[in-house]
Every structure is written in structure tokens, then in C-alpha cells.
Amino acid sequence: MAGKKIRDPIYGYIELGRDIVHDIIDNAGFQRLRGIRQTSYAPLYPASLHNRFIHSIGVYHLGRIAFDALDISLRDWKERDKKSVLGSMFDMFSEEEWDRCRFLFELACLLHDFGHSPFSHTGEEFYVISKSNIAMHVDEREETRYNARIRQAKKEEKETLQKEPDDKRKYDYLRHLCQLTGDMAFVSDKVQGISSPHEIMSSIAALETFGDDTRYFKDDIEKAFFARCITGVCYIKWNINDEKGKKEENDACQIMNDDDFAIEKKKMLMDCVISLLHSSVIDVDRLDYIIRDANTMGYQSVSVDYQRLLSGIVLVMNGEYTFRTGFHKNAVSVIENAVYAHDIEKKWIQNHPVILYDSYLVRQSIEFIEDAVLKKGNTNSTFFSYDSLSEKGSCFGDTVVRYLCDADVIHLMKNVYYEENPYSKEYFDRSIRRHPAWKSEAEYRNLFTADERKTITKAGRMIFYEDKLSSVRINKEMIDNIQKEIDEESAGRGNLITAKKKQKKYCETLLELCGDFDIEPDVLLLSTSFYKSVFSKGEVQKLLISFSNEKEPSELKDVSSTLSSISGDEDMIYLYYYPKKKEEKLDVRRFAKRLIEEFIQIR
């Protein structure tokens, strides 16, 4: 069937099959992505208004290029392998099976953000605690796994694990994905360390929408591979910290029978495909947003030659019996540029105090709305949930939310909960927002020595205390609440009382400092980490580079001199304040000096 072309400002014309356009892109769920901003950068870069819709099409385009390169490398290995003592090492899939693998991978590229949350990544953590009206079932495999966890648990953990049957059937988005794919890997605790909440929800939403259509999925095995491409859950565990980053129990391949070895090889190749879309180093998802974000913002980042990079994708032997994806030596310079561009965006844009503060206001507003809408109707669904993404939607009293997008959150913040939500006015009226005392990591390092930063980190941990929050608002009400907790614990744990008293002392000191500098006694602390370059990641340093004349591939750290990263203090804390007079600026250096002097005295 003749295709359609979409004009993209980055890649020119992108050709799409007419059936892909009519049956998937025109679907209301995919059109929802027009209403999901790609980034949260607009407060800093007003032109950054691109959305998840065009990003998804861009990832699909790059995915096709990447798979072509992998396909060429695979066929090249097959030709060379005819003369190899290993026999058909790379003769794993029939042409039909390989074509299905390509189709499912390209479909995953297109739908990888199908269930993305509004406001970029600000709201996706609400998916973790989401609830749905979809009924969960506990099958025999999950029951067996669940009982095994109880047997292996420590004594103090068993009580929390031993739930009643009704509790075990409560909605869990990982269980939902397991139910859709039949793949027990998705209920592993390790999944949440690999996959983002929006990737789990995107897999769920896509399979709920298209999973029963045999044009897309023939069986649960194909559904599971599709979901693994999106979530990055591989079939084989790799020990990247091993000397050569090889597959765990690599030597076991030597004693496998032919059938087991054939299955193992198939898994290795499918993992290679998965890594094209979801990798901790470079993948087509990351590559598109690096290029697209810089282009849309107008930020002058380094140039990334995506065609040279993707054409350099190759399969490389990683030991005698295992292989992984790597890059041809000609792509090394572009790899460096891509990682550097990602570093720039992460450090100087995503971690900018203006963007962090805007995200804080949105996150607090969503939390307020989540609590408010649940009180309005008899529903098991939460505001951020699969139900709200679907056509059926979620009903909260008179409010129905379907195909959830940025506009739904804005509407509720601006029209329904404007007076009640303490964060709405500040979100819409920038003239009344708090100001950051220091405006970048560089300025923070300039203001405070290494020892002084440790003093602030120590104080911050006491102020945030057990809540492990990334934000805390300090005002008289907060101090009164701390005192109430101290009074309630007066006959209880001594360590807790001591910690709470120190927490109160730090907070009181901060508010006294506000009075000395004529700023409102109502400050906000946002905690983040000092940025650590992607170059410092073991996965990046162990990226395999193929040199045509060499039998064994080299690791990137051995052929690139740019792999260095200055690791900073564990925590960095931004302080936001309300000036009593808008035209007056805080004397930041004097404030910083007094802050350290006061904090040092607290023992």
C-alpha cells in the first residue's frame, strides 16, 4: 500500500505506511500525544513547544535506520560465519521470523511513549501508585513466585508480604503488564530499576489498544518482545561490571546442547534489537530528543551526525560464544558528541533552578488534584492511571477524564481548583514566584567550598529527614508541626526526639536568617544531585567498538580520551525565597556566608 509522508524539521520527509497512519497514528490514543509536551523547558526556552507526537514519529524513523544497520551487520556475519568453526553462530532466525522481529521493533519505536504522562516526566511517578478499575487475577505462576518471596523473606518482612487474597488482586501496573504479555519478567522487583513508569504504562496502553489485533501481535511471545523493547527488560543478564562486561555465566555456553544454545543465541540477538530502542548509553529514543530538543530550543549544542552514528551499529563478538551490539570505529567521534550533548541538556537545562521550580509547582498541583478528585466519585481509578488514558476514561463526580494530557491538568489547576490549590496562582503568575538564591551548580560551587557544601548537605538531610523528599517548604507552620511531633514522642524514642529537635533548629535558623535579610520567612528547599557525566557510566566506558582488522573489539574507554567526569558532592540544594520588595535583590554572597556560619554552630 502506498505510503504517506510527514515533513519533519529535523529529518525532512519521513515516509510511513498508509495502514500505519490510518490504524495507529490516527488512533485517538496516539493523537493524545499532540497534547503532551516533550519537555518541561518552556519556562526557560519559550520556543520549546514540541510534543511527544512528533518525537514518536522521529524515533520510529531513526529506529528503521538503526535496524537496517543491524540487519546489514547480521548478514555480514552470516557470510563470514560459513567459514567459522562455530558453524551457524548467526543463523538464528528464518527470514519470516526476522521480518516479524523488525515489525515489532518498529511498532515499539512508534508506540514507545503511547502512555506517557502529562508535563514530560514531572507526573509519571504517579503511575507507580495508580489504581484502575481493571480487575487483576493471580495465576498459578504468580502465586508460586509470591509464595517463594515469602519463604525467602527475612522475619520482619514476612508479615507485610503475607497478604489476604483480596489484597493480592489489587491493581498494580507491573502486574497489569504481566497479565497482558504472560511474561513473568514484568513482575520482578528489578523492572522498576530498569524501566521508567511511563515506559511500563506505554506498554500497557499500547497492548490494551492494539494487543488483540492479529495484524500486530500473533501471540503473547510477540507482545512480550514488544513490551521488552519499550521497557528495556532484556532476556539475558549482563554483568557490565565484569572485567569485559560479558554475559553472566558466559562459560556455560560451552556445555549447552545445540537446542539450548540456539535459544540462547536468539535471546542474545533479541537483546541486541531491544538495545537499539532502550539502552543506558545511546539509543534512538535518546538520539531523537537530544537533536530535537536542541533544535527547538535554539540551544547551540554540539552537532550530532545521526546518520553516521546509526550506520555504524554492528554486532560484535564479546567472548567466544556471546555477542552484543557495538559501533564501528568511524562512529566514535559522533558517540562522544551525542554523550556530550546529553550531558549539556541534563546539567544546564533539566537541572536549571527555574525548570526545577516550575516542575515542583506542577507536581504539587497534581498531588493536590489526585487527592481532590478521588473524593468526588466512587471509583477505583486514580487521576493518573491507565483508565484516564483510555477512551472509557475515569469519572470523578461530574468530571470525566479521558485521553489525559497537559490540557486536563491545566484546566483543573486554572478553573476547578484555582482557589483551593495553593500552587495554582504561583504557577500561572510568574511575578509572584519565589527566586532561587543561587542559579546554577557552578555558582553553588563558587559560593561554597567543599567543606561548606558538606555542611549544607548535612543540614539538608536533617531538614528533609526520613521523608526522603526532593522538596520541603519551611515556614512557621512546618516548625509548629515538628514541635507537635516532638511533644507526641516525648515518652518515646530518644533518637527520634534528638533528630526532630535538630531538624527544628535548622529550620528556625533559616527563618531567622530570612528576617535578617528582609525576605519572607517562607522558603523552599529543592534537593537534587550534582550532575555526573554519562561518560562516567560503566555501560558507556564498556561500549564495544569494532576495528575491521582486529579480532576482538575494544572498549570505548580504551579508544577515547574524553571519558572523564568530575563527581561532586552527593547532594545539591537550591533555596528559593520570596523577596519582600520585588525590585530588591538578595546579597547572595553575604547570605551564603551567614548561612554557613549559623549552620556550623548547630551541633
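These are my notebook entries on the core, the cysteines and one strand pair of a predicted model.

**Entry 1: the core**

I began with the largest nonpolar core, and it holds 173 residues. Phe30, Ile335, Phe383 and Trp438 have the most contacts inside it. I then looked up which helix gives the most to this core, and found helix H3, residues 52–81, with eleven residues. A general reminder for myself: in soluble globular proteins, nonpolar side chains tend to be buried together.

**Entry 2: around Phe383**

Which residues does Phe383 touch, leaving out those up to four places away in sequence? I listed Ile369, Glu370 and Val373, then Ser388, Phe396 and Val401, and finally Leu404, Val409 and Leu412. So that I remember it, Phe383 is also one of the residues with the most contacts inside the largest nonpolar core.

**Entry 3: the cysteines**

How many disulfides are there? My count came to zero. I wanted a reason for Cys101, so I checked its closest cysteine sulfur, which sits in Cys229 at 6.8 Å. That is too far for a bond, because a disulfide needs the two sulfur atoms within 2.5 Å. Is Cys101 buried or exposed? Cys101 is buried, with a relative accessible area of 6%. I looked up Cys507 as well, and Cys507 is buried with a relative accessible area of 0%.

**Entry 4: strands S1 and S2**

Last, I turned to strand S1 (residues 3–8) and strand S2 (residues 12–17), which run antiparallel and are joined by six bridges. A hairpin of three residues links S1 to S2. For one facing pair, I noted Arg7 opposite Tyr13 in S2.

Definitions and conventions. Residues are numbered from 1 along each chain as its sequence is written. This is a predicted model: local features need pLDDT of at least 70, side-chain atom pairs count only at pLDDT 80 or more; totals for chains, interfaces and linings use all residues. Side-chain values use heavy atoms; hydrogens and water are left out. A nonpolar core is a set of buried Ala, Val, Leu, Ile, Met, Phe, Trp, Tyr and Cys residues joined through side-chain atoms within 4.5 Å. Buried means under 20% relative accessible area, exposed over 50%, partly exposed in between (1.4 Å probe, protein chains only). Helices (H or I, at least four residues) and strands (E, at least two) are DSSP runs, numbered from the N terminus. Contact means heavy atoms within 4.5 Å. Two strands pair if DSSP finds at least two bridges between them.
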